[in-house]
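Please open the model in your viewer and keep the sequence panel beside it. The tour below goes from one selection to the next and says what to look for at each stop.

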Amino acid sequence: VSEDLDEFHGEAREILDAVAGDLVRLEGAPNDADLVNRIFRGAHSLKGLAGMLGFTSVSQVAHKLESVLDGVRMGRIPVKAHVLDVLLEATEVLARMVDGIKDGEPEREASSAQVATVKLLGLVSSIPKESGPKKSIDPEIAKLLSDYEEHRLSEALGRGEKPWKIEVTFPFDTFDTDLPAVKERLKHYGEVITTMAGDLSEADKMGFGLLVTSTKDPSVLLVAVAVPDAKISPVSVREESPGGASAGGGGGALGGAGSGTFDGFSGFGMPSLPDTPASALAAPEIDWQALASQGDVAGPAPIPRIAFSASTPPAPGGDRRAPADPLAPPSDETEDRRDGSDRRTGRDRRSVPREAPPARREEVIVAGGGSAVGSTTLRVNIERVDALMNLVGELVTAKNAIGQVADKLKSETGFKGTTLEIYKANRQLSRRLDELQKGIMQVRMLPLEMLFSKLTRVVRNLSRENGKEVELEIVGAETEIDKVMIDELSDPLIHIVRNAVDHGIEDPSTRLDAGKPERGTLRIVAQPKGNHVSIEVSDDGRGLDTERIREKAIEKGLLSREARPSQDELFDLIYAPGFSTKETVSEVSGRGVGMDVVRNNIMKLNGIIDTTSEKGRGTKFTITLPLTLATMKALLVGVAGQTYAIPLASVLECVSPKTTEIRTVEGRDVLPLREVTLPLVRLDRFFGHDDFSLDAPATRVHVVVVGLAQYRIGLVVDSLGVQQDVVVKPLGAPLTQVEGIMGATNLGNNRPVLVLDVAGVVNSSVGIRPVKPGEVRA
Amino acid sequence: VSGAKRGKGGNGDNGGEKSGEIPFGSLAHYESATEEIYRRDYGDLVQIRAGQREFLTFRLGDEHYAVDLRGILEVTRPTAITPVPFSPPWVLGVMMLRGNVVPIFHVGRLLDLDVEGRIEPAERILLVSRKENPVGLLVDEVREVVSVPDESLGPVPPTVHGPRAEYVTGVARKGQELFVLLNHTRVANVSPEQAAPARRHE
């Protein structure tokens with residue numbers, strides 16, 4: 001059951017993320033009908049999914065959301081900021097509800113669900129009642145149209161376009177690519193309102209009728225179609241009151257395009273269909289009424305199926321689903337048609353179950369979105385990917401072992417003969433393993449786009465609430481990073497962005513007074529840098545006020561009155577727990593997270609955060625993160641006869657200063673390095689290996705400069721080794737919380753090498769509370 | 001004894017000639033006391049008879065111990081053990097076992113026995129489980145599996161006191177020999193704080 005829950009959660013969140021992203025996109029493109037449709041389908045899928053699993057609270061909100069979106073795509077609700085706000089809020093509430101269900105607290109968001117529902121209903125009730133006559137078309141065709149198609153049609157007619165019916169026939173094996181191609185070409189000349197079944201008299205051909213509106217001459221349209229033997233005929237138009245063309249039972253039989261039909265079809269346990277005379281279908285003008293009434297007799301069968309029965313009579317009582325599949329009605333989802341016919345039955349298809357036979361024709365909604373992307377993506381449990389990753393890790397270890405054998409051979413026999421061959425083979429293996437590892441990693445990688453669209457919403461809401469004008473620039477949203485890291489990155493980034501809008505960027509009048517443009521600019525720039533990703537968040541606001549930080553720090557007892565900290569040290573203070581320069585906790589910053597949470601999360605991810613700021617000019621946070629936490633590169637160092645591995649993600653540089661360069665400040669060793677004073681930590685002392693250290697004072701020491709969150713520290717080691725790929729394994733109980741050690745790794749010689757937990761070393765060296773993984777934040 | 005019932009697995013690295021014999025039967029065969037032979041030879045022999053209990057006997061220093069066979073996941077030889085900083089003296093370090101990191105406990109130090117400085121060529125690791133994870137108990141030598149009738153089991157003798165008493169459940173007598181019964185569950189689940197600080201080993 002919990003697996004089902006996970007599955008539901010995963011799928012629901014995927015839908016909601018897509019919907020949220022599309023909603024943000026919609027703001028920039030309010031007239032994009034495809035986009036509105038996709039969002040609508042998302043809401044519909046979620047409703048179906050939640051309903052199917054009995055999460056009525058979710059399906060109810062999703063239903064309201066769907067209603068509003070239906071209004072939007074019908075053009076009855078305008079795409080305005082306040083509408084988008086409500087839609088985005090509902091999406092976020094739904095996401096939290098889904099999370100609540102996963103956590104076993106389905107009632108957690110009950111009140112916000114209610115608020116969202118009320119707001120959604122408010123929008124639905126704002127829909128003006130339609131009145132007055134409107135243009136419609138030949139009722140025989142009109143009754144085949146869904147509400148939405150009707151709306152598109154009347155819009156088009158309102159624009160002065162004329163309706164045409166274009167009949168085309170394609171060879172059976174290529175229609176699934178031919179038809180979309182034709183539709184695509186027609187889009188340049190008008191709008192394809194719907195696709196109907198057409199001439200089906202030839203066994204190896206598929207005929208379709210396209211209802212197209214256009215201002216162009218029919219001959220132009222025929223040229224655009226570019227299919228031999230295509231026919232075009234005008235469709236009659238008349239004025240009539242809305243709803244007059246509403247279809248009877250025959251219309252309801254039209255299950256529409258796509259996979260939803262299969263469920264409708266097979267779900268009714270339909271008996272074999274009565275044969276339809278082929279001649280009736282071969283007529284150039286299809287007798288829609290006759291077909292529809294045939295549909296009545298047959299139950300909820302779509303027209304194309306009836307047509308099929310005419311050309312291939314079914315065996316009495318036989319299963320009609322199998323042969324029906326290849327004739328599945330065309331739709332935007334045509335790309336998986338062949339797949340369906342190969343499988344022979346439709347039962348594997350994921351689709352939203354219908355509660356009852358639809359009264360009218362509806363668009364078909366494929367769960368998980370009907371876009372082309374939806375059908376080519378695969379949802380995989382991250383644990384499976386992790387298992388593969390682990391396996392690759394073991395392979396890397398085995399490869400390292402071979403490498404060591406090769407090295408041994410080399411020292412014994414020299415670099416020739418078999419040794420040389422082993423070297424070559426190992427290099428090959430190494431390269432392939434690298435590719436394999438990257439390939440599997442790729443599976444875990446997601447673009448930052450999703451996260452950034454969330455930030456867009458935050459900035460939008462916040463700037464409106466604060467009366468500020470903020471221009472948000474996002475660069476590099478396509479940069480990819482481990483999915484697990486995206487989840488952890490969300491809170492820190494939101495917090496930084498909130499701070500920037502809340503405290504950084506001034507209100508318009510202050511900005512004008514300061515001689516800045518009225519609109520503030522917030523830039524988020526993501527870019528891959530080798531094995532790292534850097535994310536910069538910069539604003540052109542008032543910058544960090546070092547004097548205020550100083551006062552506050554003294555007030556909080558974080559700084560002595562006499563201390564003369566450098567600017568960087570002052571910036572570091574903003575990450576101290578409980579530190580906030582804002583007198584009142586603002587409503588929007590909410591949730592009680594401070595910059596210390598930012599630091600903690602970045603630390604957990606082995607990331608580095610840099611703060612630069614100039615008073616009156618703005619602030620820039622630069623977060624540097626490893627691409628993944630699944631495997632890491634590590635630098636091997638020798639400490640008191642032991643080998644330790646330091647995650648390379650934290651290593652900034654290695655220096656080998658003379659011992660005379662090391663100074664002592666307040667009883668601590670420091671190393672002046674360029675313009676900073678680097679605190680030093682002797683790893684042998686840190687780990688209590690003093691006894692083993694060589695007494696003879698070396699003239700030079702090796703210092704590994706590591707960075708973590710905002711800290712820079714130098715680790716003094718005895719020797720520097722090579723870099724190596726490592727897979728870190730936990731030490732196992734009771735050694736789960738060893739200070740400064742995150743785990744051990746096998747370098748191939750079956751001797752565990754301890755991997756340094758830079759966060760632990762840094763924390764206990766700078767005397768702040770260590771962050772334990774999974775620690776509950778205050 | 002499901003672990004032992006797996007039957008003819010193992011690659012029998014150096015115990016191939018011994019099939020048919022009772023495993024761990026004599027000191028001379030300690031070299032064979034590996035996981036593989038334990039599984040291969042002993043797997044078919046195990047039959048828990050009513051009123052009898054099976055123990056694996058081992059040596060710590062000069063003393064003979066026994067542990068309930070059902071608690072032993074496997075017996076393996078120690079490979080490279082890396083010491084872990086900030087851990088109690090009875091945590092010897094960690095060892096790789098088939099790709100996983102396993103903490104190794106020095107049972108002699110935990111029981112505060114005088115075992116320092118001895119060279120023990122026949123050291124073995126008894127793998128026991130601590131919650132879900134395996135931990136290894138380092139012992140000086142694995143002897144044999146004995147079947148002891150219930151009436152030969154006795155309480156902890158008064159001579160056993162101090163830290164040892166914590167981890168001992170009683171004694172078992174087999175012929176002329178007396179074994180101290182080690183409570184492997186308690187040893188495996190010892191917490192670093194709860195363990196009585198063993199004497200300083202300089």
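In what order do the five strands of the open sheet with mixed pairing in chain A lie? The order is β22-β14-β15-β24-β23, where strands are DSSP runs of E of at least two residues, helices are DSSP runs of H or I of at least four residues, both being numbered from the N terminus, and two strands pair if DSSP finds at least two bridges between them. Select β22 (719-726) and β23 (741-746) of chain A next: these strands stand at the edges with a single partner strand each, so one side of each is left without a neighbour in the sheet. From one strand to the next, the twist averages 35 degrees.

Before going further, note that this is a predicted model, in which local features need pLDDT of at least 70 and side-chain atom pairs count only at pLDDT 80 or more, while totals for chains, interfaces and linings use all residues. Residues are numbered from 1 along each chain as its sequence is written, chains are lettered from A and ligands numbered from 1 in the order in which they are written, and side-chain values use heavy atoms, with hydrogens and water left out.

Stay at the edge strand β23(A) and add β24 (residues 752-756) of chain A, to which β23(A) is joined in the antiparallel sense by five bridges. Within this pair, T745(A) lies opposite V753(A) of β24(A).

Now select strand β20 (residues 702-708) of chain A. Six of its seven residues are buried (under 20% relative accessible area with a 1.4 Å probe, protein chains only; over 50% is exposed and the range in between partly exposed), so β20(A) is largely enclosed by the rest of the structure. Strand β16 (residues 651-655) of chain A runs antiparallel to β20(A) and is joined to it by four bridges, with V704(A) as the bridge partner of C654(A). Strand β21 (residues 711-717) of chain A is likewise antiparallel to β20(A), through seven bridges, and here H702(A) has V717(A) as its bridge partner. β20(A) and β21(A) form a hairpin with two residues between them, and A709(A) in the turn has a positive phi of about 45 degrees.

Move to the helices α4 (residues 81-102) and α20 (residues 449-466) of chain A, whose axes come within 12 Å and cross at roughly 125 degrees; axes are lines fitted to C-alpha atoms, for helices over the stretch in contact, and angles run from 0 to 180 degrees between N-to-C directions. That makes α4(A) oblique to α20(A), the class left over once angles under 35 degrees count as roughly parallel, over 145 as roughly antiparallel and 65 to 115 as roughly perpendicular. To display the contact (heavy atoms within 4.5 Å), select A81(A), L84(A), D85(A), L88(A) and E92(A) of α4(A) together with R457(A), R460(A), N461(A) and R464(A) of α20(A).

Finally, turn to chain B, which has four helices and 12 strands. Its open sheet of six strands follows the order β9-β1-β2-β12-β11-β10, with mixed pairing, and the edge strands, β9 (141-149) and β10 (153-154) of chain B, each pair on one side only. Inside this chain, β11 (residues 168-174) and β12 (residues 177-182) of chain B pair in the antiparallel sense over six bridges, where G170(B) has L181(B) in β12(B) as its bridge partner.
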